[in-house]
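Colleague: I have a new model open and would like to learn how to read it with you. Could you take me through it, one feature at a time?

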Amino acid sequence: MAKQKTSFFCQTCGAESAKWQGKCPSCNEWNTIVEEIIIKENKKESWDPIQEKNAPKSKKLQDVSTIETQRIITHDAELNRVLGGGIVAGSVILVAGEPGIGKSTLFLQACLQMQDITTLYISGEESMQQIKMRADRINATNDQFYVLTVTDTQTIFNEIKKIKPTLIIIDSIQTLASPFIESAPGSVSQIRECTAEIIRFAKATNTPVFIIGHITKDGTIAGPKVLEHMVDTVLQFEGDRHYAYRILRTTKNRFGNASELGIYEMSENGLRQISNPSEILITQKEESLSGIAIAATLEGARPLLIETQALVTHAVYGTPQRTVSGFDLRRLQLLLAVLEKRGGFQFGVKDVFLNIAGGIKVEDPAIDLAVIAALLSSYEDTAIAHKSCFVGEVGLSGEIRAVNRIEQRIAEADKLGFEKIFVSKFNKKSLHSKTNIEIVMLSKIEEMYRMLF
Ligand code: TYD
Ligand code: MG
């Protein structure tokens, strides 16, 4: 009897090693290495879903035909945008997100809307009845939409041969199992093998495949990181579960811009596209309140006006608290240190709470200036003038630094009816077009303080 072949895999980064170790040498995580059986007895080769035995030949690059990449344009403008203008034929797209965020809803909805395309939706998580119930909930029907609830890749490929779908959705990769690998579904070697089979199939038949994958608590794609290298596009579906807003973000794209963003709202009957996000991220209110400043940020290539809210109060306990939501805590501490040292504000004896409205996580450093303005506004308990917004990165010496794509940010603020925008003086060179909005140039946070309060 042939011996089973086993190997050791890190469940976090996917690194393979010959022996068990307590600490993964590649990602330095502890207790993540698990032994997995990779080849069943007497079976050496992994299964080729298309059984193509023609030996591949090399070709001169100039002889390679450049067929204009065909794209399937979906009815979902946000999805088209993050994919770089539709689904490229033969591409494999990984969609990662936390459980319950709405991945299944998004693809069920997008595919049901495309009446002229045969879709095969493979679900290893839900029964056909559950999928039907969800389809009823989002109120969509389509006679070209097939569902399959199996997890065995061999059965899946056999079914695909019969139906010949134009588009395939796999929900989720963690439930699939290849009969050629012994280990349990969701293990690194299973995920890797199933993805490899899917990619071989997609490339050979030119069928696009969406692979849905769950992510772990710390935000990495469950199973191996290697998955990200294998696929053509990686989309991240994220959002705070307590808010209705969901963001679909491109983190890798071989066929388009890798910093695109789509915004949705989870409603009673499915996801609703939000084409003008700035309007919902700013609370409409009559009176001006202290501690609120609007930032002109850029998420990916998309300008977004976001409200930052700060609350600065007297610390009741010995150690003052710093609490953030949607913003980096260390960045807040840095900004407070700058205010303390350069501006002489006594934040060391205050509790500081900072919140980015809408449950959105902002990574753009240009939000700094608005955060500073919100903090100062709450510190002074004086509201910032209505219809003002801020854009700029703040340096350690309190200087306001230039940011990229300033014109796009200003244009968005202008479009939304803002009257005043505070920008860095060093952005002056990149300002060319004429706008209605008043542009205030600043070089230091002290200048801003004097102007505002
Ligand atoms: P789901 O698509 O099942 O999430 P995932 O596949 O990422 O695990 O979405 C689950 C959540 O979405 C669930 O909590 C219910 C909610 N939901 C709505 O609010 N409205 C809807 O129309 C649908 C279909 C789901
Ligand atoms: Mg799901």
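Modeller: Gladly, and let us begin at the ligand. A nitrogen atom of ligand 1 is 2.7 Å from a polar backbone atom of Ser267. Keep in mind that this is a predicted model.

Colleague: Which residues are the closest to ligand 1?

Modeller: For a binding site, start with the list of surrounding residues, then look at individual atom pairs. Here 15 residues surround ligand 1, and the closest are Gly100, Ser104, Thr105, Ser267 and Gly270.

Colleague: And which atoms of Gly100 and Arg134 should I look at around the oxygen atoms of the ligand?

Modeller: Separate backbone from side chain when you read such pairs. Gly100 uses a backbone N or O atom, which lies 2.7 Å from an oxygen atom of ligand 1. With Arg134 the polar atom belongs to the side chain, and the distance to an oxygen atom of the ligand is 2.8 Å.

Colleague: Let me step back to the whole chain. How many helices and strands does the protein chain have?

Modeller: The protein chain has eleven helices and 23 strands. Its C-alpha atoms fill a box of roughly 80 × 50 × 50 Å along the principal axes. Of its 453 residues, 48% count as buried. For contacts between residues at least 6 apart in sequence, 67% join residues at least 24 apart.

Colleague: What domains does the assignment give?

Modeller: The domain assignment lists domain 1 (4–39), domain 2 (71–275) and domain 3 (279–452). To place two of them in space, take their C-alpha centres: those of domain 1 and domain 3 lie 45 Å apart.

Colleague: Now the sheets. In what order do the nine strands of the open sheet lie?

Modeller: Read a sheet by the order of its strands in space, then by the sense of each pairing. This one runs 8-7-9-10-6-11-12-13-14, with mixed pairing. Strand 8 (145–148) and strand 14 (270–273) are at the edges; each has a single partner strand, so one side of each lacks a neighbour in the sheet. From one strand to the next, the twist averages 25 degrees.

Colleague: In which sense do strand 7 and strand 9 pair, parallel or antiparallel?

Modeller: Strand 7 (residues 119–123) and strand 9 (residues 167–171) pair in the parallel sense, over five bridges. To find the register, pick one bridge: Tyr121 has Ile169 in strand 9 as its partner.

Colleague: What is the strand order in the open sheet of seven strands?

Modeller: That order is 17-18-16-15-19-22-23, and the pairing is again mixed. Strand 17 (322–325) and strand 23 (438–442) take the edges with a single partner strand each, so one side of each has no neighbour in the sheet. Direction ignored, neighbouring strands are turned by 25 degrees against each other on average. Strand 15 (residues 292–299) and strand 16 (residues 302–314) pair in the antiparallel sense over eight bridges, and the bridge partner of Ala295 in strand 16 is Ile306.

Colleague: Which strands does helix 11 lie across?

Modeller: Helix 11 (residues 445–452) lies across strand 19 (388–390), strand 22 (420–424) and strand 23, at about 135 degrees to strand 23.

Colleague: One last residue: is Thr153 buried or exposed?

Modeller: Compare its relative accessibility with the cut-off: buried means under 20%. Thr153 has 1% relative accessibility, so it counts as buried. Thr153 lies in helix 4 (residues 153–163), and its side chain makes a polar contact with the side chain of Glu197 at 3.0 Å.

Technical notes. Residues numbered from 1 in each chain as written. Chains lettered and ligands numbered in written order. Predicted model: local features only at pLDDT ≥ 70, side-chain atom pairs only at ≥ 80, totals over all residues. Heavy atoms only, no water. Pairing = 2+ DSSP bridges. Helix = DSSP H or I, 4+ residues; strand = E, 2+ residues; numbered from the N terminus. Axes fitted to C-alpha atoms, helices over the stretch in contact; angles between N-to-C directions. Contact = heavy atoms within 4.5 Å. Buried < 20%, exposed > 50% of the residue type's maximum accessible area, 1.4 Å probe, protein only. Polar contact = N/O pair within 3.5 Å; in protein donor to acceptor, adjacent residues only side chain to side chain. Domains from an automatic or database assignment. Near = heavy atom within 4 Å.
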